[in-house]
Amino acid sequence: MKDILKFVNGKSHWIMLSPYLLLFTVFIVLPIISAVGLSFTQFDTIQFPRFVGMQNYIRLLTLDSVFMQHVLPNTIEYALIVGPGGYILSFVLAWILAQVTKVNRTILAIIIYSPSLTAGVIMTAVWRVIFSGDQMGYFNSVLMRMNLIAEPVQWLQSPAHLMTLIMIIALWSSMGVGFLAMLAGILNVNEELYEAAYIDGVRNRFQEVIYVTIPSMKPQMLFGAVMSIVATFSTGGIGVALSGSNPTPLYSGQVIVNHIEDYGFIRFEMGYAAALSVVLLFIIWGASKVAWSLFSDS
Amino acid sequence: MRSMSFAIAFTLLLTAFLCIPVSTSATDDIDTDLRFIEDSMSLINEDAFVYEVCWTDFISEKDDSVSKQPDGFYLSKISAASFEVNIPEDGKYHLQIRYRFESDWIQNESLIIRWKGGEFVSALSGAWTSERELNHVDRYGNEITPEPGLTDISITSYIRDLASLAAAPYTFELSEGVHRFYLFEPTVPVAIEAVTVLRKLPLPSYSSEISPPNVNGTEPIVIEGEDYILKSDSHIRAANSRSSYVYPRRGDVRLLNVLDGSSWKHTGQKVTWTFMVDVPGFYGLSFRYSQDSMEGIPVVRNIAINGVIPFKHFNNFLFPYTGNRFETLTMSENDGRPQRIWLDRGRHIISMEADAAPYSDIILNLRKIVTELNDIGIEIRKVTGNNRDFNRTWNITRHIPDIAERLNGWADDIESSFLMLHQISETIPAIAVNLRMASASLRDLADNPEQIPTSLSRLNAGSGSAAQMLSDFTIRLSEQPLSIDRIVLFSTDMPPVESVSFFDKVWAVIKSFVMSFFGGSQSHAVTANMPEDELQVWVNRPIQFVETMQQLTDVGFTPQSGVKVRFSVMPNEQKLILSNASGTNPDAALGVSLHIPYEMALRGALHDLTQFEDFLPTVARDFKLESLIPFWVDEGIYGIAETQDFYVLMYRKDVLDKLDLPIPQTWDDVKEMMPVLQRYSMNFFLPMAGWTGLKPLHTTAPFLFQNGANLYAPDGLSSDISSDEALRGFELMTELFTIYGVAIDSPNFYSNFRQSMMPVGIANFSTYVMLTHAAPEIARLWDIALSPGIQSDEGDIVRYQVAADRAGIIFSNSQKKDEAWQFIRWWLSRSVQVRYSQAMQARFGPEYMWNTANVAAFSELDFPSEHKEVILEQWSWAREIPRHPAGYMLERAISNAWTEVVLNGESARIALDRATMTVNREIIRKLEEFGYISNGRVVREYRIPSVEEIRKLVLQNQ
């Protein structure tokens, strides 16, 4: 009896933790381990995986010209613009929203937040119609009416336009959970801090934001940053949905997630796709590290 | 006068011996009902009767030998008959014809009638019933659409103009004396038994004096809509409604509990029920029905009791809009008292016929306006040309001075049509809002005529234009869908009321939600739990297709072979690969996309079909050998074509005529017609314009094939797309866009074709089906022809197109390979494919066309014969794409090269060379992966298949 009590008292945290641990192991740890394991094999989803050592990684660095010429530059361009861009946009919009009254704020927050919820569905339905490449496309039609263009522009097919379009749409839909967290963070900043700051010599709203608001909401800023990094690297559906195919024309809208799908489900090279996912994992992990060092308290 | 009536009586007596069909002995209930219906149809209203011509008095106009049979005048496609009728006085007459179909398959049949006063196509109404005994319930307990059965009864029906929107008999205005009528060109062979001439009589009006209320409290007679005895079209069908307003209803399994309105909507479609009356008396009629498609506009049915429309009110009876609900409507007088009819004791029939007669004037008027709008649209385009400058102002009244009056005139006509609808429906016809929008557009344009040339999108071009809105609306209005749950005959004062309480509804919803996880709701689901004694077949097709397959197999295959087959609907083809990885794959799969067999076979997951001795002979007999090329891996063939696509030229006859353009035979012809099309803001459609991003190989490769190029070198070690022939093809494929201005992006050829913005283009089977069945406004205005090609040196035109569509495969880890092959061989045999195609069309309607790859079966299918000829000839120009481990790279390299040339302005040679390099590198890498190349040396030979090689295999096998 005493032993049981001792066990319960001493080890009960494991019991409490077990549901989380179980789910975390099954759905996060095991897939990562198996992905890392598969990345050292050649696996075509049907036959048994064959161990090939580092060959997949060597090939990735030395032979995969599409990855080096298109996918990596696209991913970086996309991540740099949509990541920080969306992040800053989230903060600015959250700050602006924090200035208005409660009812208006709630309504506007829902409006701004909704694209990130519906993005996947809306994308094909709305954006493809808007940017359709015949003169029926709304955007083409408006431009032709305004006499800015004479012939319809192939927004969705032309390699010159596709990436720009992808980034605009990604920015449009980037006000996600991070945005809500920041809005909450801004609203939670202690008003007395602002008053104290003004006594200490803060003269305008900009200084107020820099010296008071941001330092007071570091946890939310960190959360927003991590969410935004993960989201930018791991979403790749926009280009494929817009152009209607994977790969996108001339790989112009190809980001790393599309590349993984290309190898995994079109070329049936799961081992190589796994190696790519491992690389993606490290990129995200590294970027999160940067975010941590910028915003963490310690 | 006296002598005439004597003559009539005499004729009646005479014909009674010759022309009244002999009733066969009734064996079961349905048969009794059918004989009863047959007899009551041939009853003649003595007041109207004028004259009957028996088939023995028919004269054969063409071939005498085959025409007369013991019990009717046999009329086939090539024969013709004539007969004389003696008309006693000038007046209006109807003709009634009694006939039997001499064919085991009918679908919307007709024949032509000609007399001194004119000629028209008359509908030959069919007589179908349901094979109820046969597999009415599937293995999950769900009721499935029963197989329609063609009855052998003699059908008596009025001669009716097929083109008319009204179901009423044609009215012949005949003068006194002898008239000769000719009958010819029936669409299927028919045996004509008699023709009766009837005087046109007005229908009596209902008056309450003739039916005193008799309250004797007998139970109402309930007829379930789904329990019809006879229907004029095979695909009028019962369906399941999950609504809680419907009888009968069950949550756990799917019952067929209503007659489906979406299958019963065209003028002349008729359904007949029978019922027994125990207590003779006056009965009122009420209907439990749903009409959910025409908001604010009632649909029309003609209701006949015992073959006769008893009162005026029963003709063109209106069923108002109900939304999704099922509601009860009682036939009643203005004061609300039910109208009653006298019914004797015994068996009776009631029939309902769809009719668009009340709307026919409106529809004809609107159609005329649409034609005129399109004409004026072309007139304006002739003035302005292909000018897209929105800032230019046109003085259009100088070219067409009366344009404003014409526009206003049309707007007036449209508004008066709207008012007419309003009068008929007595509510706001909400669905007719299109009419108001169209007339507003026209008035707006009439006020600012100088804007018309830049606002053609409001007049006749595009989906929001007045012309398109009107034609969409006329199509809607000509359809009369009505779902019937039950028909109730009651002798009480008021109809019995069934009300559904709110809690009943909620409870029904909860119950059906819970039940959706069990039993019948999980029918045909893919499952890992596979009984040993069943052959598992996954099918990548919708449930209707699979249900019918299951039924045909259970009846036609299992009894003779002893092999039980279980079909599952495959939700996603990726599942085939994943299930194979986990060993839970089926024995065989059908309806599989074309790329799957090769990819799986290459990795050893599929069984080589040439192992079966009779595989090659079977294919060689009924299929195109070319269709096997995509399944070829290392001398083995790992799949068989199940369906076959076709890419043919579709063109609008009316537009090409108006523009004086010939049907293009070669690509040079297409190039020549492009400037003319563009002058009228029209364009040509190429399949690759339907794909935004990657242009699939089957849209690009035909250009190379037509120019004599190959995709790969024969040894498969490199691509062959940098050859001169390939370059010629590639240049053609790009310059059509860059120089001749073929549309680069056109997501919807079907609607552009309807609106004549793309009056000509190359499209495939699915577009063909849509145009045939979902574009009634251009019916007969379009046609198909062979795909344009390249004039070869020998003088003929090379018209290669791809044809492969879906495939059947057998898995290598299956324990029942022989049974699986036995099944597939049975399934793809000629007779089964024909039977399946007919079963699908009979059950679900003519739009369920089946493009079987069995060419012998296809030539027997129900396609228009001219079209069938074109398709079969195009199939002789079928050229399939050989698969390759690096095939995906070839596909995207060609597509990328196209993008570089067409959108980035690169030169064709450079783009193609770059593509070749990319492909060749991937080919080597992939061949290494699959062990054909090791350390830069070929260790196993790879061969690109050719049809000659397959033919050789076939010969070896014989």
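# Exercises on a two-chain predicted model

Chain A holds 13 helices and two strands. The model is predicted.

## Exercise 1. The shape of chain A

Task: state what the radius of gyration of chain A says about how spread out the chain is.

Solution.
1. Take the radius of gyration of chain A, which is 24 Å.
2. Set it against the globule rule, which gives 19 Å for 298 residues.
3. The value for chain A is well over that of the rule, so the chain is more spread out than a compact globule.
4. Add the box: along the principal axes, the C-alpha atoms of chain A fill roughly 70 × 60 × 35 Å.
5. Add burial: 44% of the 298 residues of chain A count as buried.
6. Add contact range. Take the contacts in chain A with a separation of 6 or more; 63% of them come from residues 24 or more positions apart.

## Exercise 2. The interface

Task: describe the contact between chain A and chain B by residues, buried area and polar pairs.

Solution.
1. Count residues: chain A gives 39 and chain B gives 36.
2. Take the area. The two chains bury about 3,300 Å² between them. Carbon and sulfur atoms carry 53% of it.
3. Count the salt bridges between chain A and chain B: five.
4. Count polar contacts between the chains: twelve residue pairs, both residues at pLDDT 80 or more.
5. Locate the chain A side. Helices H5 (138–145), H11 (237–243) and H12 (256–266) of chain A each supply at least two residues that touch chain B.
6. Rank the sources: H12(A) gives the largest share, four residues.
7. Sort the chain A side by type: 16 nonpolar, 14 polar and nine charged residues.

## Exercise 3. A salt bridge between chains

Task: place Arg603(B) and Asp44(A), and decide what their pair joins.

Solution.
1. Check the distance. The closest N and O atoms of Arg603(B) and Asp44(A) are 3.6 Å apart. The cut-off is 4 Å. The pair forms a salt bridge.
2. For scale, the whole structure has 49 salt bridges over all chains.
3. Arg603(B) sits in the loop between helix H13 (595–602) and helix H14 (615–622) of chain B, and Asp44(A) in the loop between strand E1 (41–42) and strand E2 (50–51) of chain A, so the pair joins two chains.
4. Test burial. The limit for buried is under 20% relative accessible area. Arg603(B) has 3%, so it is buried. Asp44(A) has 7%, so it counts as buried.

## Exercise 4. Two salt bridges within chain B

Task: give the burial state of each partner in the pairs Arg100(B)–Glu193(B) and Glu906(B)–Arg914(B).

Solution.
1. In the pair Arg100(B)–Glu193(B), the closest N and O atoms are 2.5 Å apart.
2. This pair links distant parts of the chain: Arg100(B) is in strand E6 (residues 91–101) and Glu193(B) in strand E14 (residues 190–199), 93 residues apart.
3. Arg100(B) and Glu193(B) are both buried.
4. Turn to Glu906(B) and Arg914(B): their side chains meet in a salt bridge at 3.5 Å, N to O.
5. Glu906(B) has 24% relative accessibility and counts as partly exposed. Arg914(B) has 37% and counts as partly exposed.

## Exercise 5. A salt-bridge network

Task: which residues of chain A and chain B are linked in a network of salt bridges?

Solution.
1. From chain A, take Arg59(A), Asp262(A), Arg267(A) and Glu269(A).
2. From chain B, take Arg892(B), Glu922(B), Arg925(B), Lys926(B) and Glu929(B).

## Exercise 6. Two hydroxyl side chains

Task: for Thr75(A) and Ser425(B), find the backbone oxygen that each side chain meets.

Solution.
1. Thr75(A) lies in helix H3 (residues 65–98) of chain A. At 4% relative accessibility, Thr75(A) counts as buried.
2. A polar atom of the Thr75(A) side chain lies 2.5 Å from the backbone oxygen of Val71(A).
3. Beyond four places in sequence, Thr75(A) is in contact with Phe233(A), Val255(A) and Ile256(A).
4. Ser425(B) is in helix H5 (residues 403–425) of chain B. Ser425(B) is buried, at 12% relative accessible area.
5. The Ser425(B) side chain reaches the backbone oxygen of Gly296(B) at 3.2 Å.
6. Leaving out residues up to four places away in sequence, Ser425(B) touches Gly296(B), Ile297(B) and Pro298(B).

Key: Residues are numbered from 1 along each chain as its sequence is written. Chains are lettered from A and ligands numbered from 1 in the order in which they are written. Side-chain values use heavy atoms; hydrogens and water are left out. Contact means heavy atoms within 4.5 Å. Buried area is the accessible area (1.4 Å probe) that two parts lose on being put together, summed over both. A polar contact is a pair of N or O atoms within 3.5 Å; within protein, one must be able to donate a hydrogen and the other to accept it, and residues adjacent in sequence count only if both atoms are side-chain atoms. Ala, Val, Leu, Ile, Met, Phe, Trp, Tyr, Cys and Pro count as nonpolar, Asp, Glu, Lys and Arg as charged, and the others, Gly among them, as polar. The radius of gyration is taken over C-alpha atoms; the globule rule is 2.2 Å times the number of residues to the power 0.38. Buried means under 20% relative accessible area, exposed over 50%, partly exposed in between (1.4 Å probe, protein chains only).
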